[in-house]
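Dear colleague,

Please find below the structure that I am handing over to you. My notes on it follow directly after.

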Amino acid sequence: MDGLLPELRAYAFCITGLDAFDQLARVRDLVQAVPAGEKTWDQAKRGIAKELDDSLGGKPALRRAELLLRTHTFRGYAAARYRLLMQQADVFPFWQYKTHGDGNVRPSHAALNGKIFPAGHPIWQRIFPPWDWGCRCLVVPRLKKDVDKLRPDDAGKAPENLVIYEGAMADAISDAGMLPNGMKLN
């Protein structure tokens, strides 16, 4: 993968343990079939498990199939969502980061929960979900008038407690690779 040109790497699809191209192509097609409505989640999962069965077999193949399906489907969804949000940036000039809100949220993701950055800001290249393995976070588009209502509440807060990050503050967080509470971005 590292030897591929960046333009090709963006379209590359690989799965550890699958080295036959036809097998990899069938798994890719099964992953694509779910959002296209051609297969249900369970049908695709069983098909992927069948492809993995020789190397893993039984329940491990089903667990790995679920993981592969979730990871690749959500990444595809996120890419489409990012493009859509960028097209709507004039309507929704801010995006808010939200976690799933349960006990399985990583501290680095929880530190971003509720934080608002300008739409399309470079920080989103690092944290647009899923930006980490198994990330279940999401981005909520926000209207300017809704964000303007929050601004008075941010007056006098320490930087790590701010909700809205704009200008130099957003740039500093992005450039330093730091989360609002000082944690490093992956």
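Helix H3 has twelve residues, and its first and last C-alpha atoms lie 16 Å apart, close to the expected 16 Å (1.5 Å times one less than the number of residues). Helices here are DSSP runs of H or I with at least four residues, and strands are E runs of at least two, numbered from the N terminus.

This is a predicted model, in which local features need pLDDT of at least 70 and side-chain atom pairs count only at pLDDT 80 or more, while totals for chains, interfaces and linings use all residues. Residues are numbered from 1 along each chain as its sequence is written, and side-chain values use heavy atoms, leaving out hydrogens and water.

In H3, the buried residues (under 20% relative accessible area, 1.4 Å probe, protein chains only) are Ala44, Gly47, Ile48, Ala49, Glu51 and Leu52. H2 and H4 are among the elements that cover them, contact meaning heavy atoms within 4.5 Å.

Helix H4 covers residues 58-87, and the 44 Å between its end C-alpha atoms agrees with the span expected for 30 residues. Its buried residues include Leu68, Leu69, Tyr82 and Leu85. The buried residues of H4 pack against H2, H3, strand E1, H6 and strand E3.

The largest nonpolar core (buried Ala, Val, Leu, Ile, Met, Phe, Trp, Tyr and Cys residues joined through side-chain atoms within 4.5 Å) has 20 residues; Trp95, Tyr97, Leu112, Phe117, Trp124, Ile127 and Phe128 touch the most other members. H4 gives this core its largest share, three residues. Another core, of 15 residues, lies apart from it and includes Ile15 and Leu24.

Yours sincerely

Methods. Buried means under 20% relative accessible area, exposed over 50%, partly exposed in between (1.4 Å probe, protein chains only).
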